[in-house]
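Q: Could we walk through this model, starting with a sheet and ending with an interface?
A: Yes; have the structure open.

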Amino acid sequence: MTAGIADHWYPVAMCSGISSPRDTRLLGQEITIGREGEQFWVRDVHGKTLPAIARYGHLWTSPGQPNRDLFSIPEAEAPGRRLVDCGAVRVKCSPLRAVENFLDIAHFPFVHTDILGAEPYTEVSRYEVQIREEVDEVWATKVKFFQPQAARSAAGGITTEYMYRVAAPTSAVLYKTCPPRPGEWDIITLFVQPLTEELCDVWPWMALYDDTSPLAELVSFQQMIFMQDRSILESQIPRKLPLDPGMEAPTQADLTSVAYRRWLKRIGFTYGAQVVAA
Amino acid sequence: MPARVDGQDLAIWRAASGQTHVWGDRCPHRGMRLSRGFVRGETLACIYHGWQYGNDGGCTQIPAHPNLVPPKTICATTYACAEYSGVIWVALQTTTQVCRSFPGQAAVRSLAIKASAEKVMEYFSGADTGVVCVGGTNDIALALQPIDATHCTAHALASVSADRKEVSRWLESQRRSIELDLA
């Protein structure tokens with residue numbers, strides 16, 4: 001495994017779900033995770049201790065030597081937010097396809113019909129995308145889309161504004177209009193644990209201003225959305241994400257995905273990617 | 001619906017007018033299987049982003065950009081296909097061959113067999129291109145769909161006056177002995 005892949009941070013569990021030690025898999029390698037009191041630990045198959053960080057409801061590790069701290073989401077730490085662990089959805093797809101799907105809004109009317117989108121409101125207006133060199137992240141801003149039921153807390157159809165942020169190769173953050181609090185953003189993240197190049201655990205996590213919806217409803221709303229996504233992700237050919245342009249045909253609505261692919265290629269992140277056109 | 005021929009994934013669909021199409025099972029946009037899509041009139045729409053493809057496989061509509069005329073280069077892979085005696089036939093390569101017709105015969109049933117199409121042809125010894133003519137009172141012909149090295153599907157045709165149950169039972173018994181032969 002090259003440093004370009006090993007030296008990133010990856011989610012490997014929900015902190016609240018770790019009691020006794022257990023085995024899991026990261027980038028095709030067995031690892032063991034556990035806790036002693038409030039301290040979490042991660043070991044590789046040789047018993048070597050790997051770095052461990054508990055943040056945003058999840059345990060993070062790296063098989064390499066990360067040259068920077070795990071990304072931060074300052075907004076998520078603001079008081080008054082409800083932090084919602086959603087559990088994992090296992091998907092038979094490339095971890096990169098899972099992230100790319102999360103960055104895509106054009107599928108809402110067809111995959112999340114009458115929830116996150118509905119015909120005839122299918123148009124994706126122009127938005128802005130940047131690869132922010134100083135933080136080495138991909139950002140999409142001014143993304144707007146009409147949604148029949150944007151969130152569990154939304155009463156009717158609204159035009160939702162989004163910002164997307166790829167904070168690590170397999171982790172993305174979505175900032176989204178918050179129905180009960182105009183001016184604030186709800187935060188929904190997608191932390192993807194690459195088990196292998198074609199199998200991943202997707203850990204959604206949320207930091208919301210929503211004091212009224214029961215926890216079970218918030219979680220089941222997210223789970224339903226990701227189950228709908230899974231039916232797509234497990235039917236894409238090839239399973240790996242093609243990084244070479246020409247293999248798939250993007251349009252203006254896909255600017256975020258185009259930037260994500262370009263950024264992955266630039267940083268040499270090829271795990272779960274198809275680099276040579278088939 | 002999905003189908004596989006010679007290791008290739010295909011999407012078979014029928015337009016509102018009744019015309020049948022056999023395409024590569026992959027949307028050029030994001031690789032989604034077109035066999036999971038939905039038919040709208042004379043177009044097939046991909047379930048992922050609703051991109052629509054017309055008779056010739058060319059993209060006709062991109063819902064994210066309703067006013068855009070899709071470039072001609074965005075095109076599903078299409079294959080020559082025909083429908084005869086209740087069976088859909090496809091040619092994965094350009095061919096000058098005319099698809100065989102079976103006058104007086106009709107499709108009875110399709111049966112998956114755990115053996116390659118070649119093995120099945122060998123078993124019946126004396127086959128032409130993928131079709132085994134058994135003859136007999138029911139005038140049975142088997143149209144073989146090669147799937148991969150160990151699987152095929154036999155589509156059985158028989159004379160319209162044949163006893164369909166009898167043909168079906170015969171086909172099952174043939175499958176058992178073909179699979180036993182290989183075991």
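Q: In what order do the strands of the open sheet in chain B lie, and how do they pair?
A: Read a sheet from one side to the other. In this predicted model, the order in chain B is β1-β2-β3-β8-β9, with antiparallel pairing.

Q: Which strands stand at the edges?
A: Look for strands with a single partner. In chain B these are β1 (2-5) and β9 (87-91), so each has one side without a neighbour in the sheet. From one strand to the next, the twist averages 35 degrees.

Q: How many bridges join β1(B) to β2?
A: Four, between antiparallel strands; β2 of chain B covers residues 8-14. To fix the register, take one pair: B:Ala3 has B:Leu10 as its bridge partner in β2(B).

Q: How many residues of chain A and chain B are in contact?
A: Count each side separately. Chain A brings 28 residues and chain B brings 23. The two chains bury about 2,100 Å² between them, 51% of it on carbon and sulfur atoms. On the chain A side, A:Phe110, A:Ser235 and A:Ile237 lose the most area, together 29% of what that side buries.

Q: How many salt bridges cross the interface of chain A and chain B?
A: The rule finds four. A salt bridge links the side chains of A:Glu119 and B:Arg40, at 2.7 Å from N to O. Polar contacts between the chains come to 19 residue pairs, both residues at pLDDT 80 or more.

Q: Which helix of chain A gives the most to the side that touches chain B?
A: α2(A), with three residues. That side of chain A divides into eleven nonpolar, nine polar and eight charged residues.

Key
Residues numbered from 1 in each chain as written. Chains lettered and ligands numbered in written order. Predicted model: local features only at pLDDT ≥ 70, side-chain atom pairs only at ≥ 80, totals over all residues. Heavy atoms only, no water. Pairing = 2+ DSSP bridges. Helix = DSSP H or I, 4+ residues; strand = E, 2+ residues; numbered from the N terminus. Axes fitted to C-alpha atoms, helices over the stretch in contact; angles between N-to-C directions. Contact = heavy atoms within 4.5 Å. Buried area = accessible area lost by both parts, 1.4 Å probe. Polar contact = N/O pair within 3.5 Å; in protein donor to acceptor, adjacent residues only side chain to side chain. Nonpolar A, V, L, I, M, F, W, Y, C, P; charged D, E, K, R; others polar.
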